[in-house]
Amino acid sequence: MSTLTPIPTADQTPAALSDGSPKTSAFTLAQLVAALPGAFRKLSPRQMWHNPVMFIVEIGAAFTTLIAIVEPIIGGTQVSGASVVPGSFTWGIAVWLWLTVIFANLAESVAEGRGKAQAESLRATRTSTMANRVDSYDEVGDGAAERAGTSPVSSADLTLGDVVVIVAGELVPGDGDIIWGIASVDESAITGESAPVIRESGGDRSAVTGGTRVLSDRIVVRITSKPGETFVDRMIRLVEGASRQKTPNEIALNILLASLTIVFVVVVLTLNPIAGYSNAAVSIPVLIALLVCLIPTTIGALLSAIGIAGMDRLVQRNVLAMSGRAVEAAGDVTTLLLDKTGTITYGNRQAAEFTALSGVPADELVRAAAVSSLSDPTPEGKSIVDLAGVQGLSLDGLPSGEIVPFTAQTRMSGLDLPDGSQIRKGAGSAVIAWVEEAGRLGSQELAELDESIERISNAGGTPLVVATKSSVGTARVLGVVYLKDIVKTGLKERFAELRLMGIRTVMITGDNPLTARAIAAEAGVDDFLAEATPEDKLALIRKEQEGGSLVAMTGDGTNDAPALAQADVGVAMNTGTSAAKEAGNMVDLDSDPTKLIDIVRIGKQLLITRGALTTFSIANDVAKYFAIIPAMFAGVFPGLAVLNIMRLHTPASAILSAIIFNAVIIVILIPLALRGVNYRASSVSSILTRNILIYGVGGIVAPFIGIKLIDLVVSLLPGF
Amino acid sequence: MTVLFGILQILTLVVILALIHRPLGDYMARVYTSGKNLKVERMFYRLIGVDSASEQSWRSYLRSVLVFSLVGVLFVYAIQRAQAVLPYSLGFPAIPQGLSFNTAVSFVTNTDWQSYSPDVTMGYTVQLAGLVVQNFVSAAVGIAVAITLVRGFARRNSGTIGNFWVDLTRGVLRLLLPGAIIASIVLIIGGVIQNFNGFTDVTTITGATQHLPGGPVASQEAIKEFGTNGGGFFNVNSAHPFENPTAWTNLFEIVLMLAIPFSLPRTFGRMVGDSRQGRAILAVMASIFAVSLTALTLFEALGGGTATSLAGAAMEGKEDRFGIWGSTLFATSTTLTSTGAVNSMHDSFTSLGGMMTLLNMMLGEIAPGGTGSGLYGMLILAVITVFIAGLLVGRTPEYLGKKIGPREIKLASIYILITPTLALAGTALSFAIPAVRADVEKTSIWNPGLHGLSEVLYAFTSAANNNGSAFAGLTANTPWFNTALGVVMVFGRFLPIVFVLALAGSLARQEKIPATTGTLPTYRPQFVGLLIGVAVIVTALTYFPVLALGPLAEGLH
């Protein structure tokens with residue numbers, strides 16, 4: 001077999017665990033300009049109709065424009081509520097209402113634009129290639145499809161169940177599972193990761209994705225997707241926001257906003273008949289201005305941008321959510337199932353300590369362990385040599401011999417030296433049995449050994465017993481190497497943070513309960529499931545869900561698929577099988593299980609951003625009332641002037657300023673909508689207090705200042 | 001001295017309510033959860049053919065509420081129309097169609113808006129068999145509906161929300177009737193009259209003849225306040241010395257109005273198994289009440305204008321025996337519960353004081369609100385508050401372990417749309433239709449100008465919120481007002497009930513989510529503050545423009 005590049009391990013450094021969100025520049029002027037044409041295209045009523053709040057603004061804008069055109073023809077001074085307004089007033093209102101709608105569309109366009117660039121690069125991978133389709137595949141007799149004939153077919157014509165042969169240098173024509181062979185594949189087109197990965201038939205790394213390039217070897221692949229529904233196709237639709245469906249919370253919020261809008265429509269419609277009784281009826285542009293100021297335009301304008309940006313934040317972390325619903329569910333997760341290996345601990349164990357039996361010189365144990373591990377390619381073996389070096393053993397001049405590899409039957413490995421002596425290291429019972437082939441061990445020796453083994457197991461480690469057999473056949477046990485599961489640094493704090501967010505962490509491991517308990521305690525998880533089988537995992541998820549919990553988990557194997565499907569948030573690793581990827585509702589392209597924590601955070605941030613802008617939007621109304629109500633009626637009831645606490649210049653400038661503020665605040669908040677509000681894990685009560693202070697109280701205060709400042713400028717216009 | 005006496009009254013009220021709300025709340029929780037039936041109840045169930053053990057889905061419950069209420073309207077309408085031939089009618093003639101409709105609807109909806117002068121219109125039979133009966137059952141219907149919503153929160157995976165006939169019967173027999181009997185006795189001791197004497201002619205000192213009406217006043221007075229009904233035996237309601245003779249009976253009547261509404265949060269807490277939740281709701285109600293009372297008392301005590309300065313306070317329209325404090329306390333209680341009884345003329349309050357009584361109703365009768373309707377109105381607002389707060393902390397909102405999703409928000413949102421729409425549309429139509437406007441201006445409004453506008457606004461706000469009190473300067477016994485207010489009362493009562501029951505059904509079906517540290521606690525002062533904020537801001541935003549045109553324009557000059 002040709003050279004295979006080693007599998008790049010997913011980034012498991014502590015840095016990946018930190019909450020450092022990639023600093024994405026919120027948006028630039030260039031993005032804004034690029035989004036402008038889209039913003040105008042969205043003015044079509046057929047599109048606006050989907051956003052009732054902004055649709056009402058658009059109708060208002062059109063109506064006001066009409067009035068502005070007709071007014072000069074009818075002539076006369078413009079009067080509203082017994083206040084004279086300048087002739088340019090209606091035009092001013094009309095222009096700013098249009099701008100309000102355009103700003104809202106702009107927010108959505110900018111959000112979509114960020115996904116577009118990604119979609120473009122993905123599209124490039126989708127260019128159709130020629131595939132070698134096997135005419136009649138014989139799985140049993142000719143698994144490698146070496147004898148079967150192939151015919152060239154365009155990748156676009158491949159369909160479910162087709163079998164293709166791909167050799168080094170070719171593009172994978174479609175999603176599929178490798179049914180024969182092993183190859184290194186460059187998946188950078190999808191993941192952005194330049195190091196190639198290994199894909200092989202059978203097992204959990206058999207999936208290949210269309211558009212990736214085979215770098216070495218020859219594989220036979222069975223296509224698992226229909227044309228147009230490949231993984232890349234779905235990704236494109238996702239990042240473009242085309243297949244974005246509204247989530248339950250978004251629907252609920254839309255309903256609340258719609259009902260608030262209806263209340264204000266009623267308020268405005270009933271106002272003139274009532275005001276007419278006091279001869280205080282106001283002009284229609286003023287009524288429209290009042291309506292637009294009152295309905296929740298800020299959140300209405302930014303709502304869809306928030307949703308698109310939330311998905312986009314996931315995509316930037318290389319996570320693909322198959323639905324917005326999954327992102328939202330992530331924010332609600334109450335139980336997190338985490339695989340021990342790779343998530344909580346580094347993938348490999350490391351030697352931490354040599355414990356020689358009494359009567360055995362410590363350096364003899366160290367030397368024997370190191371000698372037997374020198375040619376051992378496993379990380380465990382390497383760590384033993386490293387530890388021996390640290391303890392002062394000179395690694396030069398150590399003898400080499402014939403390697404006895406580890407097998408599941410012998411459960412030990414070792415070295416046969418040229419002088420006929422042997423060294424073995426492995427599981428306690430296996431090594432003891434090997435030693436006792438040469439004669440029984442002393443009971444005291446045995447007891448001492450048992451004690452060491454138990455101590456290490458209790459501490460969550462793996463005991464590795466080291467023994468030698470001399471050339472004459474006398475055997476003895478030297479001692480025990482303590483192989484330790486190294487818990488990733490910084491995890492304890494992350495789990496404490498999760499606990500604060502109300503999320504319980506459960507560690508899943510195949511270890512025995514003793515070891516599992518020790519590691520669970522060290523990592524600070526709330527609970528663990530030891531000796532777990534995929535069935536146990538599924539049962540645990542069901543149990544948690546019955547109790548009302550929402551469960552998130554990661555998985556990559558085919559046997560994880562049922563659990564992934566059952567979990568509320570199932571994150572499949574990109575290295576995993578297509579069955580796992582089908583079953584989950586998210587795929588992590590980096591195959592980093594710790595990313596689950598980031599996903600939860602993004603889900604929460606998405607909800608908080610919506611809540612914050614809704615609160616802000618409603619709180620704004622207070623100040624707008626104080627601007628508009630005195631302006632509308634002070635001409636008839638001079639007493640109402642005391643409500644003009646901002647001391648706005650004239651009724652006309654007050655109303656126009658409120659409308660301008662209402663439009664401008666949308667643009668000002670676009671970066672916040674795209675970036676999401678800051679989220680720091682802390683108790684719910686303190687999060688609530690902080691957000692109410694910032695967005696509720698801030699929402700009441702900000703427009704008082706903003707409208708006053710705008711009024712200072714507007715009052716400079718002639719007539720205002 | 002007045003201030004001291006006023007504060008003492010309030011303190012006494014607070015102490016009494018503090019003492020009774022727990023036992024009464026616990027008692028109500030037992031009444032509506034007990035599995036046992038009284039003998040008389042069993043007999044009644046057999047009579048009407050109801051299986052007391054079987055429960056109803058929300059749709060079936062709603063049908064029962066609507067059918068029962070429709071029968072009530074038809075019956076009360078019929079006996080009014082037949083008054084001329086009924087015994088004990090004191091010789092009054094049959095009541096005209098429009099007024100009969102308005103009155104029937106008014107009492108069945110627990111509004112007790114009175115477009116007529118009762119003492120010169122209704123005989124004893126109509127008062128007792130029609131109006132008093134509805135005073136009992138309409139209050140019981142309100143509590144029953146509130147209890148179903150509480151059950152919605154308390155139950156899990158349940159397709160049913162209770163049995164209307166059982167809830168109704170128990171509410172009347174175990175709660176309202178015993179309470180009203182005790183209250184009547186106390187009122188009789190306090191000097192309220194109770195007889196069937198008809199009219200008594202007396203010769204006054206100056207030699208003139210006075211035509212004094214008698215009647216079973218105390219018994220009607222008791223349920224009028226205890227069931228937050230408000231329909232008086234006499235035209236001037238609790239300002240009449242036969243209904244409310246002294247400062248003591250005045251305070252007692254206030255206690256009666258507030259007893260059930262302020263105890264229901266306790267019932268709620270008990271039934272959902274977490275008394276803290278009940279206390280939070282109670283705190284919201286009590287805070288709004290305290291602020292509103294303070295504002296009204298300040299406006300009235302400080303008054304304004306020459307006449308009031310001379311009198312020491314705005315005493316116009318108030319009874320001397322109650323004074324400012326006794327009047328504002330009663331006015332706040334009657335408009336913040338949906339009672340609508342009055343012991344002073346709200347129409348004659350200062351402009352801003354009158355606005356407070358209007359605002360109290362505009363809040364949607366939630367602090368503490370009518371019997372039952374107050375609790376369900378407040379819980380609806382709590383659902384909205386939880387939704388916004390849930391988003392703010394990044395969790396799908398949940399209240400008492402129930403997810404607040406699209407369906408729940410839809411029902412709650414429509415609920416809060418109903419009363420403002422009815423109140424504003426009714427007022428606007430009164431001025432928008434030229435023929436109606438001419439009639440309203442000519443016949444109904446006695447105080448042209450801003451105050452007339454406030455009177456019409458008050459009438460429709462009162463009807464939409466099923467309060468029943470009036471800015472008295474309005475003649476409402478006209479075809480327009482009888483019809484429009486009648487329609488507004490029906491929609492204002494039953495449309496919200498439809499959505500409350502639907503919400504109860506939707507919540508009962510849900511599984512209960514266990515609370516974690518990530519769950520928003522809904523019993524802390526923080527949530528109480530937020531709920532007050534939502535209640536006030538939603539109201540203020542909806543009504544600010546019309547208030548600016550009426551009482552604000554009048555009061556700020």
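**Stop 1: the helix pair across the two chains**

Select helix 8 of chain A, residues 248-277, together with helix 14 of chain B; in this predicted model the two helices pack at an angle of about 5°, and their axes are 8 Å apart. Angles under 35 degrees count as roughly parallel, and helix 8 of chain A and helix 14 of chain B are therefore roughly parallel to each other. Colour this contact by residue class: 22 nonpolar, six polar and one charged residues take part in the contact of helix 8 of chain A with helix 14 of chain B.

**Stop 2: the whole interface between chains A and B**

Widen the selection from the helix pair to the full interface. Here 51 residues of chain B are in contact with 57 residues of chain A. On the side of chain B that touches chain A, at least two residues each come from helix 13 (373-393), helix 14 (406-432), helix 16 (450-464) and helix 18 (525-555) of chain B. Which helix of chain B supplies the largest share of this side? Helix 14 of chain B does, with 14 residues. Coloured by class, the side of chain B that touches chain A shows 33 nonpolar, 13 polar and five charged residues.

**Stop 3: helices 16 and 17 of chain B**

Keep helix 16 of chain B, which supplies at least two residues to the side facing chain A, and add helix 17 of chain B, residues 479-509. The axes of these two helices come within 7 Å and cross at roughly 35°. Display side chains on both helices. From helix 16 of chain B, the contact is made by Ala459(B), Phe460(B), Ala463(B) and Ala464(B); from helix 17 of chain B, by Phe481(B), Leu485(B), Val488(B), Met489(B) and Gly492(B). By class, the residues of the contact of helix 16 with helix 17 of chain B are eight nonpolar, one polar and no charged.

**Stop 4: the two domains of chain B**

Colour chain B by its domain assignment, which gives domain 1 as 2-272 and domain 2 as 371-556. The C-alpha centres of domain 1 and domain 2 of chain B lie 23 Å apart. Between them, 46 residues of domain 1 of chain B are in contact with 41 residues of domain 2 of chain B. To view the side of domain 1 that touches domain 2, select helix 3 (58-81), helix 4 (97-108), helix 5 (124-154) and helix 8 of chain B, each of which supplies at least two residues. Helix 5 of chain B gives the most to this side, with eleven residues. The side of domain 1 of chain B that touches domain 2 of chain B comprises 24 nonpolar, 18 polar and four charged residues.

**Stop 5: backbone features in the loops of chain B**

Centre on Thr228(B), in the loop between helix 7 (217-226) and helix 8 (247-271) of chain B. Thr228(B) is not a glycine, yet its phi is positive, about 45°. Is Thr228(B) buried or exposed? A residue counts as buried if 20 or more other C-beta atoms lie within 10 Å of its own; Thr228(B) has 37 and is therefore buried.

Move next to the loop between helix 12 (351-362) and helix 13 of chain B, where Pro368(B) is found. A cis peptide bond joins Ala367(B) to Pro368(B), with omega about 5°.

Continue to Leu400(B), in the loop between strand 3 (398-399) and strand 4 (402-403) of chain B. Leu400(B) is another non-glycine residue with a positive phi, here about 55°. With 21 C-beta neighbours inside 10 Å, Leu400(B) is buried.

**Stop 6: strands of chain A**

Turn to chain A and select strand 3, residues 130-134, with strand 4, residues 150-154; these strands pair in the antiparallel sense over five bridges. Met130(A) stands opposite Ser154(A) in strand 4 of chain A. Add strand 5 of chain A, residues 163-167, which runs antiparallel to strand 3 of chain A and is joined to it by two bridges. Asn132(A) has Val165(A) of strand 5 as its bridge partner.

The last selection is an open sheet of three strands in chain A, with the order 8-7-10 and antiparallel pairing. Strand 8 (197-200) and strand 10 (213-214) of chain A stand at the edges with a single partner strand each, so one side of each has no neighbour in the sheet. Strand 7 of chain A, residues 182-186, pairs with strand 10 of chain A over two bridges, and Val185(A) has Val214(A) in strand 10 as its bridge partner.

How values were computed: Residues numbered from 1 in each chain as written. Chains lettered and ligands numbered in written order. Predicted model: local features only at pLDDT ≥ 70, side-chain atom pairs only at ≥ 80, totals over all residues. Contact = placed C-beta atoms within 7 Å. Helix = DSSP H or I, 4+ residues; strand = E, 2+ residues; numbered from the N terminus. Nonpolar A, V, L, I, M, F, W, Y, C, P; charged D, E, K, R; others polar. Pairing = 2+ DSSP bridges. Buried ≥ 20, exposed ≤ 12 C-beta atoms within 10 Å, placed from the backbone. Domains from an automatic or database assignment. Axes fitted to C-alpha atoms, helices over the stretch in contact; angles between N-to-C directions. Parallel < 35°, antiparallel > 145°, perpendicular 65-115°, else oblique.
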